[in-house]
Amino acid sequence: MNSRFPVMSDYPFKEIERKWQQFWESSKTFRTPVEVDTSKPKFYVLDMFPYPSGVGLHVGHPLGYIATDILARYKRARGYNVLHPMGFDAFGLPAEQFAVEHGVHPRITTEKNIDTMMNQLKSIGLSYDWDRQFSTTDVDYYRWTQWIFLKLYNSYYDQDETSARPIQHLIDQLTESDPDWSSKSDAEKEAVLSDHRLAYIADVPVNWCPALGTVLANEEVTHEGRSERGNHPVYKRALRQWMLRITAYADRLDKDLEDVDWPEPIKLMQRNWVGRSQGAYIDFSIPDSDEKIRVFTTRPDTLFGATYMVLAPEHPLVDVLTTDENRDVVNRYRTESERRTEIDRMTESKQKTGVPTGGFVINPAHSESIPVWIADYVLMGYGTGAIMAVPGQDERDWEFAEVFDLPIIRTVQPPNDFAGKAFLGEGRVINSGFLDGLEIDEAKKAAIAWLEETGSGEGTTIYKLRDWLFSRQRYWGEPFPILYGPDGSIRTVPETDLPVELPEMDDFRPAVSDDPDAPPRPPLSRAPESWRYVELDGVRYERELNTMPQWAGSCWYYLRFIDNKNADQLVAPEKEAYWMSPSGIDLYIGGVEHAVLHLLYARFWHKVLMDLGHVSTKEPFGKLFNQGYILAPVYRDERGLAVEATDVVDQDGHPAVEVQDQPNRLFTCNGQPVSQEYGKMGKSLKNAVSPDEINDEYGCDTLRLYEMYMGPLDASKPWSTRDIIGVNRFLRRVWRNFVGEDGSLLISTDAPSDELERALHKTIQRVTDDYERMSFNTAIAALIEFMPLLVALNTIPRTVAEVFILLLAPLAPHVSEELWSKLGHEESLAYEPWPTADERFLVEDTVTIAVQVNGRVRASIQISPSATEADVVAIAKSNENVARFLDGKEIKREIYVPGRIVNLVVGE
RNA sequence: GCCGGGGUGGCGGAAUGGUAGACGCAACGGACUUAAAAUCCGUUGGGCCCAACGGCCCGUGCGGGUUCGAGUCCCGCCCUCGGUACCA
């Protein structure tokens, strides 16, 4: 510190931050003991754990982590037992793909990336209990992921109890109630059980990418029907895959959202995803056949208007209905739609297509026959894959009817001025026999009653949610604890033999092919025989060769943090009960991108675990909060491609980062004109800013403060490196006013002035309220506003100084710890009790209130808070400017809101 | 298309139905300095009146409404960012 600039304004943040990070680590300041004093209240605050990528963090990543850290520190000071852990979601495609491309084992890259990321997290002073850190790829962890899978496999959903139960219970029931059960073969029994298990194998259409040798999730397929990675063709293909019966929980996944404190938009997204829909099944009989075709409709009231039926091209009864004359055209249509990807089928603004089967079904309402068509606007995956088409009340059906000239009957009377086509509004039922004259809701009920009476249908509720495709043909995932016998029968790996470790392999690439029909050969099919084959009770079994999807590990990690070292149990019940009750995690922060899948999958597993008695709450995440994105300017060249933001300058040669928000800037990159817009910060838009740069120049206390000061936590807001200086000035000012140039403390034992004491207590109250409601930007503003009072003093009274440091500590812990220790404290301030505002200092002697005349402010007056309304109004009226506006007018009304405002309403 | 979030100074933002623009950035002026940096003090939504003190008018995307009083509540639009997409 002997540069040519004298050390006056700069505080030694690098030394301070290094010192305290080392101190916290070596003294395990933030370790949450395995056994805590359970008489104290608890606060479990969790971040959605990250995928350890190789490129490191940008300043957008830690936004949520800083927020949870502030709350963790605040709650510790308030006397809570705080559980604040961090881990890594490390299985998955990127590591595997990197491994394939560079020939490095994914475990090596993963470990290296985790290491890098932990260092980055530690360098911003996050107060995690690192003793609880783990990765989903740790054998000790995925052993329990496999264990949960066994529970899923060995359970079924009891519709009567609306709860999962051990499969043995179902077997007992069947043995008792079904006289044929005991005479069935094992395979026959298993076929029945498989229809009930929560984990089961089924032939399902999947996104199969032969070039990558794996199935892909829908999100991994582009709109052109190609793989996001590598742009290879993807085909819809039926493959035998593991599925999880999440649909059994559809109702509870929908209903239990009522009980959680989540942002409404997120709840809504989950509800939409579950897609609960009330209506009826209606059976249409086929003439001269015993077969019936069942449709689902939300509008049973419109049955009389069903003028034709449409089946999905894949519907199993298409063959039965198709006449010989139509067979060719039907088959051609089916082949065509099969070839098109589902995404193509859903492309909008496309004219409806379809072909008649030549077959007919009977409309049960009036026993007349209606033609049956197939069309790809009907999806096999929803409802029954068949609809009754009611063009009069459905836009899609109307459109189809227009194209193919099919009859249209209105069954709801539209208003006289209605000029549209299909009518979806309210009205009275017409053309519908016994339903005529009813309102739609009544007609629905009446129609369902009639269907049930006549045996031609029933009321029902269906869901859009589909079962969860749970296998991947990849190496870098959890192996299934499943074995296949020589006859193909399934046997589970005994719990005592868990974990099933991933075998060491040199070549973990999936088998790839150009042939769309090539069978999937997952990497594990090339695992050593010693791994692939297992002998149990004298029988040689082959292991399941698929692995679990990346979501698996993140479905329950929050439970393992509670008891991460437990070798005998997933989590000890009494610890789970303490940390999870009464309503799960107290605060869960993460990005909206996980609004649906992760949160839905985790809720599903949690409910299964609850049903089976392993956890005590019905929901895992009591309170959820989504942090906003950090945006940054994106510069695009004339081709629309993003260019490195750091290479962009304006017409005067200023770097773009300094003038991004100035008007009339013409930006160029290497001489080429570029346009500016705002986009989510990240590598792909080439606008990432590394936290390391900020740490280096200003320190991480400044980084933390700036990220919180930018705006509300849940809002997306643009990063502006230029603005950082504001909060940095504040911290330097704090330092300068506490520590003299010679390093001495500018602290006195004087009693604070009354004015200072009042301001201090007001600040305590503001900051405390703001922490409670996660309004960190205004908490910082309150602290900044308090500073000038200290600047005015030569020395700061110790009592004031200590409180101020404690208020600042959650936001800027390093500089606060340093000042705290300079004040002579030997312990960390992490567990110092939180300051409380003293009511005596919060009451004001005088308050300033506004005086309005007819709602317009005309004066401010000083009054005593205890002044009576009459006094206040009198003072208000006597004000010169107010009097001017009252002059010669009649006062009609006098409104006084104590401490706020006087409004005098006058006539003309 | 449907569903949801959001539009407040040059910029980020603040405001339990009660004085719109706290706090910060930028800009401008001043103090200190040989000078610069840093620091400190002040001004800063727009328009108008005043020598000054001070005062008036307009202003929270647009148009209506409720209210003594609306950035905030209600109705109808526009723009923007997300989610979703033939879900019967």
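Helices (H or I, at least four residues) and strands (E, at least two) are DSSP runs, numbered from the N terminus. With these terms, Pro499 can be placed in the loop between β17 (490–492) and α15 (529–532). The peptide bond that leads into this proline from Leu498 is cis, with omega near 0 degrees. A cis bond also joins Ser581 and Pro582, again with omega at about 0 degrees, and Pro582 lies in the loop between α18 (573–580) and β20 (587–590).

The structure is a predicted model, in which local features need pLDDT of at least 70 and side-chain atom pairs count only at pLDDT 80 or more, while totals for chains, interfaces and linings use all residues. Residues are numbered from 1 along each chain as its sequence is written, chains are lettered from A and ligands numbered from 1 in the order in which they are written, and side-chain values use heavy atoms, with hydrogens and water left out.

Chain A contains 29 helices and 33 strands. Its C-alpha atoms fill a box of roughly 100 × 85 × 70 Å along the principal axes. Of the 908 residues in chain A, 52% are buried; buried means under 20% relative accessible area, exposed over 50%, and partly exposed in between, with a 1.4 Å probe and protein chains only. A contact means heavy atoms within 4.5 Å. Among the contacts in chain A between residues at least 6 apart in sequence, 70% join residues at least 24 apart.

Two helices show how buried residues are arranged. In helix α6 (residues 167–177), the buried residues are Ile167, Leu170, Ile171 and Leu174. They lie on the same side of α6, because they cover an arc of only 100 degrees around the axis, where the arc is that of the directions from the helix axis to the C-beta atoms. An α-helix has 3.6 residues a turn, so residues three or four places apart point the same way. Glu176 and Ser177, on the other side of α6, are exposed. The buried residues of α6 pack against β3 (155–158), β4 (163–166) and α7 (186–194).

Helix α25 (residues 776–791) has 16 residues and spans 23 Å from its first C-alpha to its last, close to the 22 Å expected at 1.5 Å a residue. The expected span is 1.5 Å times one less than the number of residues. Among the buried residues of α25 are Phe776, Ile780, Leu783 and Leu790. The elements against which the buried residues of α25 pack include α2 (62–77), α22 (700–709) and α26 (798–808).

Aromatic rings provide another view of the interior. Rings of Phe, Tyr and Trp (its six-membered ring) pair if their centres lie within 6.5 Å; planes under 30 degrees apart count as stacked, over 60 as edge-to-face and the rest as tilted. A search of the whole structure finds 50 such pairs. The rings of Phe91 and Tyr142 have centres 5.7 Å apart and planes at 50 degrees, so this pair is tilted. Phe91, in the loop between β2 (81–83) and α3 (93–102), is thereby linked to Tyr142 in helix α5 (residues 139–153), 51 residues apart. Both Phe91 and Tyr142 are buried. The pair of Trp373 and Phe404 is tilted because the planes stand at 45 degrees, with the centres 4.7 Å apart. Trp373 lies in strand β12 (residues 368–374) and Phe404 in helix α13 (residues 395–404), so the pair ties together parts that are 31 residues apart in sequence. Trp373 is buried, with a relative accessible area of 9%, whereas Phe404, at 25%, counts as partly exposed.

A nonpolar core is a set of buried Ala, Val, Leu, Ile, Met, Phe, Trp, Tyr and Cys residues joined through side-chain atoms within 4.5 Å. In the largest core, of 179 residues, Trp605, Trp719 and Phe738 touch the most other members. Beyond its neighbours within four places in sequence, Trp719 is in contact with residues including Val59, Ile630, Met681 and Ile724. A second, separate core of 43 residues includes Leu321, Val355, Val378 and Leu406.

Finally, two residues other than glycine have a positive phi. For Asn670, phi is near 50 degrees; this residue lies in the loop between β25 (667–669) and β26 (672–680) and is exposed, at 69% relative accessibility. For Lys686, phi is near 55 degrees; Lys686 lies in the loop between β26 and α21 (691–698) and is partly exposed, at 35%.
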